[in-house]
Amino acid sequence: MGGTITLTEREMEYLFRIIDSSTCIFRRHQFFLWSQGELQSLLPHGMLICVFDEGSGQSISIEKFSRTEISEILFSELCRPDGGIVFRVMSAWSAGKNQPFLLCPNNPNGIAYKHFVNDLKRGNLERVAAHGMFDANGRTSSLFAFTQISGVLTERHAYFLELLAPHMHMALVRMLFHERHHQPGAIVEKNRKLITDRETEVLRYVQMGKSNLEIGSLLKISPLTVKNHIQKILRKLNVNNRAHAVAKAMALKITL
């Protein structure tokens, strides 16, 4: 960033409320109310997309908190591992030495905006303000992309992102931990039974962007068998393509 940014008295009050309320987040509805409530005071937006990567071969969690309707198909397109705007923003953020990443037609960083403008229009995202956290090895562990922003993005927004990213990261971790260890067993088990353990393995690799040949090699089965598994997954989840299957599985909280 450029020169020093001084918060106004009101902004400091907003910041304290956001940080203070973030410590009480343990459930998904609490994170939603927080993102569409207190967070709006400093970072007004329509949709927040959160990416969390545990590493160690684990699948990436992608969470959506939105006040506007977005179809599962469109959302799965935004989150495609092979070129979806969410992962492209994450790569650009990481390449930018983990500095806040702003996509805005009024931003001096016009070169970056030109690379994303078509995706922004197609996804009705308008503008994007993104920042995240990385681990001791420099690997991205989380990314928070604020979208559907109506106003012009400035370095002030970038500064807000720097201040808030650690607290957003911890709130997201607490929410995910609570869901994995305290969810009502009946609901989780019902969704898990939709697909078999083998199909879950296949779907996990689909989420990672692996081809049928690569999945077959990893699971020691033929590409044709992988194709059959995927066809069964599509039928069981009542979807038409691989990306939609991943999005539906995430929505149903099926462990990938």
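Hi everyone, let me start with a pocket. The lining of the second largest pocket is made up of 11 nonpolar residues, five polar ones and four charged ones. Keep in mind as we go that this is a predicted model.

So how big is the space itself? The volume of the second largest pocket comes to about 370 Å³. If you want to find the pocket on the structure, look for Pro81, Val206, Gln207, Met208 and Gly209, which lie nearest its centre among the 20 lining residues. Which elements do the lining residues come from? At least two residues each are supplied by strand S2 (60–66), H8 and helix H11 (242–251). H11 is the biggest contributor to this lining, with five residues. And if you wonder how one looks for pockets at all, rolling a probe the size of a water molecule over the atoms shows where empty space is left.

Let's stay with H8 for a moment and turn to salt bridges. Glutamate 201 and arginine 198 form one, with their closest N and O atoms 3.2 Å apart. Where do these two sit along the chain? They are three residues apart in helix H8 (residues 197–207), so about one helical turn separates them. Are they buried or exposed? Neither, quite: glutamate 201 is partly exposed at 30% relative accessible area, and arginine 198 is partly exposed too, at 31%.

Next, please find arginine 139 and aspartate 135. Their side chains meet in a salt bridge, 3.2 Å from N to O. Arginine 139 has a relative accessible area of 31%, which makes it partly exposed, and aspartate 135 is partly exposed at 24%.

Now for a pair that reaches across the chain. The side chains of arginine 156 and glutamate 11 form a salt bridge, with 2.8 Å from N to O. How many residues lie between these partners in numbering? They are 145 residues apart, and the bridge links distant parts of the chain, with arginine 156 in helix H6 (residues 155–182) and glutamate 11 in helix H1 (residues 9–22). What about their surroundings? Arginine 156 is partly exposed, at 27% relative accessibility. Glutamate 11 has a relative accessible area of 14%, and it counts as buried because that is under 20%.

Salt bridges can also join up. Here, Arg28, Glu63 and Glu179 are linked in a network. And how many salt bridges does the model have? The count comes to 12.

That's my tour, so please have a look at the structure yourselves. Thanks for listening!

Definitions and conventions: Residues are numbered from 1 along each chain as its sequence is written. This is a predicted model: local features need pLDDT of at least 70, side-chain atom pairs count only at pLDDT 80 or more; totals for chains, interfaces and linings use all residues. Side-chain values use heavy atoms; hydrogens and water are left out. A salt bridge is a side-chain nitrogen of Lys or Arg within 4 Å of a carboxyl oxygen of Asp or Glu. Helices (H or I, at least four residues) and strands (E, at least two) are DSSP runs, numbered from the N terminus. Buried means under 20% relative accessible area, exposed over 50%, partly exposed in between (1.4 Å probe, protein chains only). On a 1 Å grid over the protein atoms alone, a cavity is a set of points where a 1.4 Å probe fits but cannot get out, and a pocket is an open set with protein on both sides within 12 Å along at least five of seven lines; lining residues have an atom within 4 Å of a point. Grid points are joined across faces, edges and corners, and a volume is the space filled by probe spheres set on the points. Ala, Val, Leu, Ile, Met, Phe, Trp, Tyr, Cys and Pro count as nonpolar, Asp, Glu, Lys and Arg as charged, and the others, Gly among them, as polar.
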